[in-house]
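Work through these short exercises with the model in view. Try each task before reading its solution.

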Amino acid sequence: MPMFKKTTLALALAGATLAATAHAEEVEVLHWWTSGGEARAANVLKELMEAEGYGWQDFAVAGGGGETAMTVLKSRAMSGNPPSAAQIKGPEIQEWGELGLLGNLDDVAGAEGWDELLPEVVANIMRYDGQYVAVPANVHRVNWLWANPEVLDAAGVEMPTTLDELFVAGEAIREAGFVPLAHGGQAWQDATVFESVLLGGQGSEFYQAALVDLDPEALGGDQMIESLEDFKRLRELMDEGMPGRDWNIATAMVIEGAAGMQLMGDWAKGEFTAAGLTAGEDYLCAAAPGTEDAFTFNIDSLAMFRVTDDGEREAQQALARLVLEPTFQEAFNLAKGSIPARPDLEMSEFDSCAQQSLADFQRTAEEGGLVPSMAHGMAVRADVQGAIFDVVTNYFNSADMTAEEAAERMVSAAQAASF
Ligand code: GAL
C-alpha cells in the first residue's frame with residue numbers, strides 16, 4: 001500500500017498550504033533522537049540555531065528506528081500542519097516530494113556549494129526532481145559488531161570475524177556466565193540484525209539483489225533460506241528478556257558487562273561515548289561478522305516542509321546551512337557515533353571506529369560493497385520495508401514457520417507492497 005491512500009492524498013496537498021505551528025524565525029524539528037547519545041547530538045543543532053537567534057521547537061518522538069515518529073509525522077501532515085523540518089531518509093524523501101510537501105533548498109545549496117561538498121551517492125538522496133529538499137547530517141554504518149573486551153577476555157575469545165566464529169564465541173561467552181548477544185525484540189532491531197547476517201553470510205551482491213532490487217529469485221532462493229536460518233540461530237545467543245527491549249538498553253548491557261556483544265549501527269557508539277568510554281579500550285568495534293568488505297549505509301537527513309511564513313522559511317534555510325557546516329558536522333557526529341556527511345573534514349578528533357568507518361565507506365564506494373540499509377529506510381520504500389519487517393520478525397518469533405516458508409513470504413511481501 002502506498003504511503004498515503006489516494007483519497008487522503010488530496011487532503012494532504014491542500015493542507016500543505018496552511019501555516020505550520022512554528023512561529024516566525026523558529027523551526028519545529030521532528031526527530032527520534034531520544035537516547036542519551038542521540039539527545040546530546042540533537043542538542044548540538046538546537047544550540048547552534050539558538051546562537052544565531054532562531055527559536056527551536058523540539059518535536060522528539062521516542063522509538064528507535066523512527067517508526068512511531070513517521071506515524072506522528074503523517075498525521076501532522078494530514079492535518080495540514082507539518083513541522084518545519086523532519087528526519088526523513090532515503091527513498092521516503094521521494095515519497096514526500098511526490099506529495100508536493102517539501103520545500104526547495106537550492107538557494108542555500110548553491111550558496112554553500114553542496115554539489116561539490118557531497119559525495120554523489122549522498123547528494124542524490126537529498127534531491128527530489130533535481131532540487132535539494134533535504135540536508136544530510138551524517139553517514140551511519142549499520143553493519144557493526146560491538147563488544148565488551150572484559151567479557152570477551154573472561155570467555156577467552158577474540159572479536160569474531162565470521163558467522164561461524166560468532167556462534168563459537170557466543171557459546172563460550174554464555175558458558176562464562178554472560179549474555180552472548182544483547183538484543184531488543186522490536187521489528188526494526190530484528191531487521192537490523194537480519195540484514196547484517198544476510199550480508200555476512202551471502203555477500204553484498206546478494207544483499208543488493210534481495211534487499212535493494214527485490215529480485216524474486218534472490219528473495220525466495222536458497223541463499224535467502226540460509227540467511228534466515230543463520231538469523232534464527234542467533235536466538236540461541238540472546239536472552240529471554242529481549243521482547244520489546246529498546247536498543248540503547250541492549251547497548252547498556254554491553255557497557256555494564258552483562259552482555260558480551262551487540263549487532264547494531266554506530267548510533268550505539270553514541271551510547272558508549274555518552275558513558276565516557278574509549279573506543280578500542282573500553283569497548284571494541286568491528287565490521288559485523290563476514291561483512292568486512294561491505295558497508296550498509298544509513299544517512300540521517302532533515303527534509304524541509306514547504307511553509308508560507310517568510311520568517312520560518314528563513315529559519316529553515318539557516319538550519320539547512322548549519323547542518324552542513326563543519327562545526328555541526330564535527331560536534332554532532334562525535335556525539336552520534338556516525339561520520340560526517342561531507343568527506344572534506346579534518347577527522348583527528350574522531351575515534352578509531354569512526355576512522356575505520358570513513359576508510360571503509362570510501363573503499364567500498366570505490367571497490368563495491370557499499371549498499372543501502374534496508375532496515376533503516378535507505379533501500380526500499382516504506383511500504384515494502386514494512387512488509388519485509390513483518391516477515392522477518394514473524395519468522396524470528398514463530399515456533400513453527402520454516403525458513404522456506406519465510407522466504408516465500410519475502411517474495412510476496414515485496415510484490416504485494418510494490419505499486
Ligand atoms: C536510525 C537512525 C539513527 C538512530 C537509530 C536508532 O534509523 O538513522 O539516527 O536514531 O535509528 O533510533
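**Exercise 1. Find where the ligand sits.**
Solution. The ligand sits in the largest cavity. A cavity is a set of points, on a 1 Å grid over the protein atoms alone, where a 1.4 Å probe fits but cannot get out. Sitting there means that more than half of the ligand's atoms lie within 2 Å of the grid points.

This is a predicted model: local features need pLDDT of at least 70, side-chain atom pairs count only at pLDDT 80 or more, and totals for chains, interfaces and linings use all residues. Residues are numbered from 1 along each chain as its sequence is written, and side-chain values use heavy atoms, without hydrogens and water.

**Exercise 2. List the residues that come nearest to the ligand.**
Solution. Start with the 15 residues around the ligand (a heavy atom within 4 Å). Nearest come Glu-38, Lys-89, Asp-300, Lys-336 and His-376.

**Exercise 3. Trace polar contacts (N or O pairs within 3.5 Å) to the ligand's oxygen atoms.**
Solution. Take Glu-38: a polar side-chain atom lies 2.5 Å from a ligand oxygen. Next, Gly-65 places a backbone N or O atom 3.0 Å from a ligand oxygen. The protein buries 100% of the 300 Å² that the ligand exposes when taken alone (Shrake-Rupley method, 1.4 Å probe).

**Exercise 4. Locate the disulfide (cysteine sulfur atoms within 2.5 Å) and give its handedness.**
Solution. The whole structure has one disulfide. Cys-285 is joined to Cys-353, S to S 2.2 Å. The torsion about their S-S bond is about -110°, so the disulfide is left-handed.

How values were computed:
Polar contact = N/O pair within 3.5 Å; in protein donor to acceptor, adjacent residues only side chain to side chain. 1 Å grid on protein atoms, 1.4 Å probe; cavity = no way out; pocket = protein on both sides within 12 Å on 5 of 7 lines; lining within 4 Å.
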